[in-house]
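Please open the model in a viewer and keep the sequence panel at hand. The tour proceeds by selections, each followed by a description of what is to be found there.

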Amino acid sequence: MIKLFKRFLGKYKFHVIFGSLFKVLEAFFELIVPLVIKYMLDKIVNNNVLAEGEKIRQLWICGGILFTFAILGFTVTIIAQYIASRASQGFGTDLRNDLYNHINTLSFKEIDKISSASLINRLQSDTVNVQSCVAMIIRLVLRAPMIVIGSMIMSFIVNWKAGLIFLATTIILSTFIFLLMFRIIPISKKSQAKLDVVTKISKENLSGNRVVRAFNKQKYEYTRFVDNQVSLCKIQSRLATIEAFLNPMVFFIINLASVVVLYVSGLQFVNNEISVGDIQALINYFTQIQLAVVAVLTFVVLLTKGAASGQRINEVYDLKSSIKYGEINSINDIDEVISFNHVTFRYNENANAALKDITFSIKKGEHIGIIGGTGSGKTSLINLINRFYDVSDGEITLFGHNVKHYCKQTLSNSIATVMQKAVLFNTSIKENIRKGKRDASDEEITKALKSAQAFDFVSKLDNGINYLIQENAKNLSGGQRQRLSIARALIKDSPILILDDSSSALDYMTEANLKKEIKKLNKTVITISQRASSVIDMDRIILLEKGELIATGTHNELLKNSKLYQEICASQDLGERHV
């Protein structure tokens, strides 16, 4: 958490300084009040020499002083609370923004290490915990010690025997609190980790609610949610038990010390060693210590949670993107667009190779089909072209240069990819299409929709391209989502277009019309599919199986020379078709 404070609290250092100083002023006024009350009791109320009128006059003066202290204390408290709120909210906002930006710099390899549910919790819950610590630090880091230490010093001034009791009590409480603090931190980390699991289950069930209902698995998913929720409850109950144990123990120690102070003070009063004002001052100072310790307890609980959350946030910051971009900011107009040279790829060091020694090249303007069964490595190959991951061995070149040598913007502008899962955002169709080109005009959007075979259904929707897409595009069919995703890629106008099984939800007529439109484009097109009919007209087809390149050629060549391709076509009633 210290690392986060150093990084994000610097711009609020004046808030921290002045906020803390105002809290010191507040503590100063509180420490003075018992002395004024002591003076009133000893020098005015119990003074038999003063006349009644003089006593009333002096009491009014002292009352005015106490009222002034109250107003000043209230004013500096409001100012300090305001400053603390501004600093903590600003800190939390800066931290959340920067953490979100950092997550977006990570490659898929790093993101795979932490679930999306966990990242959401770290962005929200953990950030709030650390943010709360900032506010409490400003409010208590100087005020609470000053109250405790100041009250002890003042008690020594009033009566050294009572001061020793105050000191012993403070040492015992401090030791007790810090021992429990180190007990709370690991439990807080377990609590946040289990909260990640519960969030993940909730997210899966909300996004996959239709699947759960289709398979009548509501009861099973409810049981899974409850089991993890009960586990989370047990961890949080342990944490709550420790927190609940703190207050009674602290009050027990303080009240026991109060009894001792009153007993010792009472004996001294009987022996005329101290006055009524001294006893009242000691009680006031002991009450201030009690309130300060209770505030420290609240702070310790927040601090331990914040420390655990800070560690979790730092775990994300410790992840550095394994992908480093180069400086090439333009592409060459050459014949060979993409080349794989003995490429092997593993998702992690201990995993089996998803791609094994792949070698092929794609010429400018070629339409290439990639086909293979589930797990053959089709999507992995596309991920490498986009450089979502880096190769484990070998080299991929793009327009004559290693893909690693391009800057991020140039690489992104060169490739338009339609992902296997059509992802649309909770905004209008227009804004979704403009993800491909920020300044796209309505005419350009309409043209892209027509090419993607999406214009007919979009024009029939309320508000047309301004139609609002619901969360997870629940108000659109699977085919409609795919066509809008294709339109978003087409408007990007990149020289390379990749379609990763993006027409699986389309009917054959719509897919045929889409293929005709794509044929008209002056682009290098890579189409991934498990349906042979989707790639049958391609200039070349690359056949993958278990991460290996089995064969490459036209449909007729593969149908003649590849047994695996023959089996795929036969299973889809395409064995007799030639082009």
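The stops below concern a sheet, a pair of helices, several salt bridges and two backbone angles. Please note at the outset that this model is predicted.

**The sheet**

Select strands β6, β7, β8, β3, β9 and β10, which form an open sheet of six strands in that order, with mixed pairing. Now colour β6 (415–418) and β10 (548–553) separately: these strands stand at the edges with a single partner strand each, so one side of each has no neighbour in the sheet. From one strand to the next, the twist averages 15°.

Strands of a sheet pair through backbone hydrogen bonds, either parallel or antiparallel. To examine one such pairing, select β3 (residues 367–372) together with β8; the two run parallel and are joined by five bridges. Within this pair, display Ile368, whose bridge partner in β8 is Ile526.

**Helices beside the sheet**

Add helix α16 to the view. Helix α16 lies across β6 and β7, and runs at about 180° to β6.

Next, select α14 (residues 442–451) along with α16. Two packed helices are described by the angle between their axes and the distance between the axes. Here the axes of α14 and α16 come within 8 Å and cross at roughly 125°, which makes α14 oblique to α16. The crossing of the two helices is right-handed. Show side chains to see the contact, which is made by Ala448, Leu449 and Ser451 on α14 and by Leu484, Ala487 and Leu490 on α16.

**Salt bridges**

How many salt bridges does a search of the whole structure find? The search finds 20. Side chains of opposite charge can pair when their charged atoms come close.

Begin with Arg312 and Asp196, which form a salt bridge whose closest N and O atoms are 3.0 Å apart. Arg312 belongs to helix α10 (residues 276–318) and Asp196 to helix α7 (residues 160–207), so the pair ties together parts that are 116 residues apart in sequence. Is Arg312 buried or exposed? Arg312 is buried, because its relative accessible area of 4% falls under the 20% limit. Asp196 is likewise buried, at 7%. Add Asp126 to the selection: Asp126, Asp196 and Arg312 are linked in a network of salt bridges.

Move next to Lys523 and Asp493, a salt bridge with its closest N and O atoms 3.5 Å apart. Lys523 sits in the loop between α17 (508–520) and β8 (524–529), and Asp493 in the loop between α16 (478–490) and β7 (496–500), so this pair ties together parts that are 30 residues apart in sequence. Lys523 is buried, with a relative accessible area of 8%, whereas Asp493 is exposed at 60%.

Then select Glu431 and Arg434, whose side chains meet in a salt bridge at 3.6 Å, N to O. Glu431 is partly exposed, with 25% relative accessibility, while Arg434 is buried at 19%.

**Two backbone angles**

Select Asp357, which is found in strand β2 (residues 355–363). Asp357 has a positive phi of about 50° although it is not a glycine. Its relative accessible area of 48% makes Asp357 partly exposed.

Finish at Gln453, in the loop between α14 and α15 (455–459). The phi of Gln453 is near 65°, a positive value in a residue other than glycine.

How values were computed
Residues numbered from 1 in each chain as written. Predicted model: local features only at pLDDT ≥ 70, side-chain atom pairs only at ≥ 80, totals over all residues. Heavy atoms only, no water. Salt bridge = Lys/Arg side-chain N within 4 Å of Asp/Glu carboxyl O. Helix = DSSP H or I, 4+ residues; strand = E, 2+ residues; numbered from the N terminus. Buried < 20%, exposed > 50% of the residue type's maximum accessible area, 1.4 Å probe, protein only. Pairing = 2+ DSSP bridges. Axes fitted to C-alpha atoms, helices over the stretch in contact; angles between N-to-C directions. Contact = heavy atoms within 4.5 Å. Parallel < 35°, antiparallel > 145°, perpendicular 65-115°, else oblique. Left-handed = near helix turned anticlockwise from the far one by under 90°.
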